[in-house]
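Reader: I am new to this structure and would like a close look at a single part of it. Could you take me slowly through the place where the two chains meet?

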Protein chains: 2
Amino acid sequence: MDYHARITSMRQSQIFTKTRREAPSDEVAKNSQLLIRAGFIQKMTAGVYSFLPLGLKVLNKIEKIIREEMNAIGGQELRLAALQEKALWEKTNRWDDAVVDNWFKTTLKNGNEMGLGFTHEEPLTSLMRDHIRSFRDLPVYAYQFQTKFRNETRAKSGILRGREFLMKDLYSFSRDEKEHDEFYEKSKIAYKNVFNRAGIGEKTYITFASGGSFSKYSHEFQMLTEAGEDIIYYNKEKGVAVNKEVYTDEVLAEMGLKKSDMTEGKAVEVGNIFSLGTKFSEPLELFYKNEEGKNIPVIMGSYGIGVPRLMGSIVEALGDDNGIVWPTEVSPFAVHIVAMKTEGAVIEAAEKLYKELTDIGIEVLLDDRDARAGEKFGDADLIGIPLRITIGEKSIAEGKYEFNDRIAQKTELFDKDQLMAYIGKHNV
Amino acid sequence: MDYHARITSMRQSQIFTKTRREAPSDEVAKNSQLLIRAGFIQKMTAGVYSFLPLGLKVLNKIEKIIREEMNAIGGQELRLAALQEKALWEKTNRWDDAVVDNWFKTTLKNGNEMGLGFTHEEPLTSLMRDHIRSFRDLPVYAYQFQTKFRNETRAKSGILRGREFLMKDLYSFSRDEKEHDEFYEKSKIAYKNVFNRAGIGEKTYITFASGGSFSKYSHEFQMLTEAGEDIIYYNKEKGVAVNKEVYTDEVLAEMGLKKSDMTEGKAVEVGNIFSLGTKFSEPLELFYKNEEGKNIPVIMGSYGIGVPRLMGSIVEALGDDNGIVWPTEVSPFAVHIVAMKTEGAVIEAAEKLYKELTDIGIEVLLDDRDARAGEKFGDADLIGIPLRITIGEKSIAEGKYEFNDRIAQKTELFDKDQLMAYIGKHNV
């Protein structure tokens with residue numbers, strides 16, 4: 001039995017979630033307002049969201065894009081734990097709340113304190129001591145999708161900044177700076193691929209940022225949006241930007257840029273890549289033996305993408321007054337069929353097309369609900385599936401399909417061949 | 001680009017994990033000893049394990065089986081949050097540590113206490129208030145794969161009992177007892193399918209157990225193993241069992257069983273299903289309007305499977321003195337090719353077969369490491385892929401493949417046609 005084929009398409013009457021006219025009054029961010037109204041997510045408490053079936057589908061599609069791009073540059077997937085031992089984090093001086101101010105901490109029955117991972121350099125570096133011993137064992141690129149916990153003081157940005165959220169974090173382990181730099185450059189391309197496939201490539205700038213205590217600079221991927229908490233200065237032509245925190249004449253000169261060519265904008269950081277040097281490998285004693293048998297600390301890097309943040313950024317960037325607009329590759333379904341009646345020739349034609357498209361591997365949401373036309377179209381706009389086909393008595397009589405492209409904002413009457421050609425061209 | 005096809009098969013030289021001759025001395029359970037030695041998991045602290053690439057592959061395969069079986073009975077997947085609000089759990093009197101003794105609790109910056117979900121009846125019941133209003137909205141079957149946190153006093157059973165572990169939990173919402181019972185019976189079949197596909201069907205008994213404070217009985221799925229913490233009395237012929245906690249003449253009579261037909265055994269609970277009645281819907285006010293417009297509390301059930309526990313149980317049940325033995329459908333790879341040399345005709349033949357099998361969709365692990373034969377065979381037995389093909393100079397000269405079935409414990413010389421037929425028959 002091919003179980004999977006049975007669930008890629010769905011009937012709207014079967015999905016338990018309901019759309020809402022209004023978001024909860026305490027929800028101020030556009031991304032969470034729209035996602036809650038459309039039934040993709042639900043707020044549990046400030047900064048903590050559940051993902052409903054439609055929302056989980058989008059999350060999984062973003063995860064799939066990231067996974068494919070990480071595998072393409074040699075990433076090996078694993079999954080670390082959330083619970084963290086105090087002793088491990090004391091070695092790098094990151095246990096103390098005065099040093100890291102967003103820990104969630106808890107206690108074992110025996111009284112031992114435990115933390116909930118806000119990042120995972122320490123446990124992965126420690127784990128690698130069992131697997132990296134010689135220069136022959138390097139390089140290693142390991143990543144995971146895992147829940148991070150961050151005790152944010154304020155949580156008003158919807159799923160752009162959660163207290164608990166899924167993150168892809170990759171860590172690189174290299175022999176030397178040269179090997180590290182080669183991977184670091186590859187990771188930039190992989191990240192660009194991710195944001196292009198997620199539909200926000202044009203709005204996203206690779207951005208010079210502070211390296212923190214680790215290195216001179218890091219690179220952020222900043223997506224322009226009024227919802228962003230960061231200020232960047234970007235150059236559209238060159239596709240690069242500088243974070244306000246390092247926006248100095250010195251940095252501009254290094255990048256070959258002039259102040260007069262830069263535009264100020266608000267942006268959200270949808271990804272970041274960091275050179276870590278030996279900041280973690282030295283205190284955690286991750287050394288390898290080189291060709292001469294000498295112990296050398298491993299050179300590390302870290303590479304993060306918050307999955308819900310990316311999902312929320314897509315909604316912020318592309319959503320309009322009527323609702324969400326999903327780019328093709330992250331849309332919960334490729335096609336939304338809206339049946340104007342629940343009986344007779346209309347529902348028959350809708351069911352037939354639903355089956356035809358599903359059989360050739362296209363994911364369809366079929367609105368087979370007994371509801372008014374206005375409610376159906378309103379919900380379709382809100383849910384934001386990019387291609388919509390309306391089936392009513394008039395279009396059946398004409399032998400045509402009323403076709404609506406949510407991204408291109410156009411409506412056309414297609415015959416069957418035109419319809420299939422269009423869908424084929426716009427489906428992934 | 002078909003990214004996925006690129007990662008289903010792997011070269012052993014590329015996997016960063018190493019096997020070990022010995023498990024850590026504080027690791028006393030067979031499942032975690034073997035899984036650590038084979039490089040599937042790593043212990044972070046007592047009861048907390050990370051899943052390395054091979055281990056994550058197995059976890060994902062078990063997850064896929066469960067997902068398919070839950071979808072087949074109408075389950076809709078979502079993902080709730082780990083962080084839990086105190087006020088919600090006070091409504092059902094499950095916040096107090098005197099009532100629930102395995103909470104992990106933590107604190108927000110503003111001083112508010114939060115819990116880490118050990119189960120999810122409360123948040124899901126509360127969430128459903130926004131989606132279930134009328135009899136037309138029922139039934140609903142919603143499930144998730146999510147990390148549970150349980151503050152266990154002792155954690156000595158490897159991945160059979162973790163302080164943090166992935167769980168599939170499904171919750172059913174029904175109009176009345178009749179609708180509930182129908183789904184409850186369906187869930188039994190789905191659970192049997194899961195354990196059959198996971199390779200432990202023959203050792204797993206549907207077991208009458210206490211209903212706790214919710215109902216008279218619940219049903220556990222208990223797998224016989226000396227590593228189990230439960231005592232059951234089972235009847236092999238009828239495939240049923242009774243947990244010691246309810247092993248009374250009354251229960252036996254209800255089941256049509258006699259004490260003389262029952263055998264005592266130790267077992268691990270690999271799954272459970274519970275009728276909850278209105279225990280949660282009443283205090284959390286999940287009501288629906290029936291045909292007469294009257295408010296009726298929703299009838300609920302809960303259905304759990306711990307994913308790492310199932311993985312560990314497979315290792316306990318099937319592992320032998322040489323290592324793990326994976327059943328076909330949960331094995332990290334379908335076929336293990338062991339190349340006896342890293343150069344010349346041997347590695348060429350191995351690479352050729354690796355490509356041929358991969359191209360027809362079979363997942364292969366190729367041992368292309370520069371290592372001694374004894375080490376290669378020892379590691380292959382330890383890792384436990386069910387089908388092994390050894391390629392050396394002798395077998396090439398004879399035009400044969402040395403074939404080893406880890407489950408059937410037999411070695412044969414196959415020609416190419418025999419080999420492909422055997423693999424085709426034993427692959428999923």
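Author: What follows looks at the meeting of the two chains, and then at two helices of one of them.

This is a predicted model, in which local features need pLDDT of at least 70 and side-chain atom pairs count only at pLDDT 80 or more, while totals for chains, interfaces and linings use all residues. Residues are numbered from 1 along each chain as its sequence is written, chains are lettered from A and ligands numbered from 1 in the order in which they are written, and side-chain values use heavy atoms, with hydrogens and water left out.

Between the chains, 65 residues of chain B are in contact with 65 residues of chain A, where contact means heavy atoms within 4.5 Å. Together the two chains bury about 5,600 Å², 59% of it on carbon and sulfur atoms; buried area is the accessible area (1.4 Å probe) that two parts lose on being put together, summed over both.

There are 4 salt bridges between chain B and chain A, a salt bridge being a side-chain nitrogen of Lys or Arg within 4 Å of a carboxyl oxygen of Asp or Glu. One of the salt bridges joins A:Asp137 to B:Lys18, with the closest N and O atoms 2.8 Å apart. On the side of chain B that touches chain A, helix 2 (residues 53-72) gives the most, with 9 residues; helices (H or I, at least four residues) and strands (E, at least two) are DSSP runs, numbered from the N terminus.

Turning to chain B itself, the buried residues of helix 11 (residues 416-426) are B:Leu419, B:Tyr422 and B:Ile423, where buried means under 20% relative accessible area, exposed over 50%, and partly exposed in between (1.4 Å probe, protein chains only). These residues lie on the same side of helix 11 of chain B because they cover an arc of only 95 degrees around the axis, the arc being that of the directions from the helix axis to the C-beta atoms. On the other side of helix 11 of chain B, B:Asp417 and B:Lys425 are exposed. The buried residues of this helix pack against several elements of chain B, including helix 8 (344-359) and strand 22 (410-414).

In helix 1 (residues 30-37) of chain B, the buried residues are B:Asn31, B:Ser32, B:Leu34, B:Leu35 and B:Ile36. Among the elements of chain B that cover them are strand 2 (41-45) and helix 7 (307-318). Just after helix 1 of chain B, B:Gly39 takes a positive phi of about 80 degrees.
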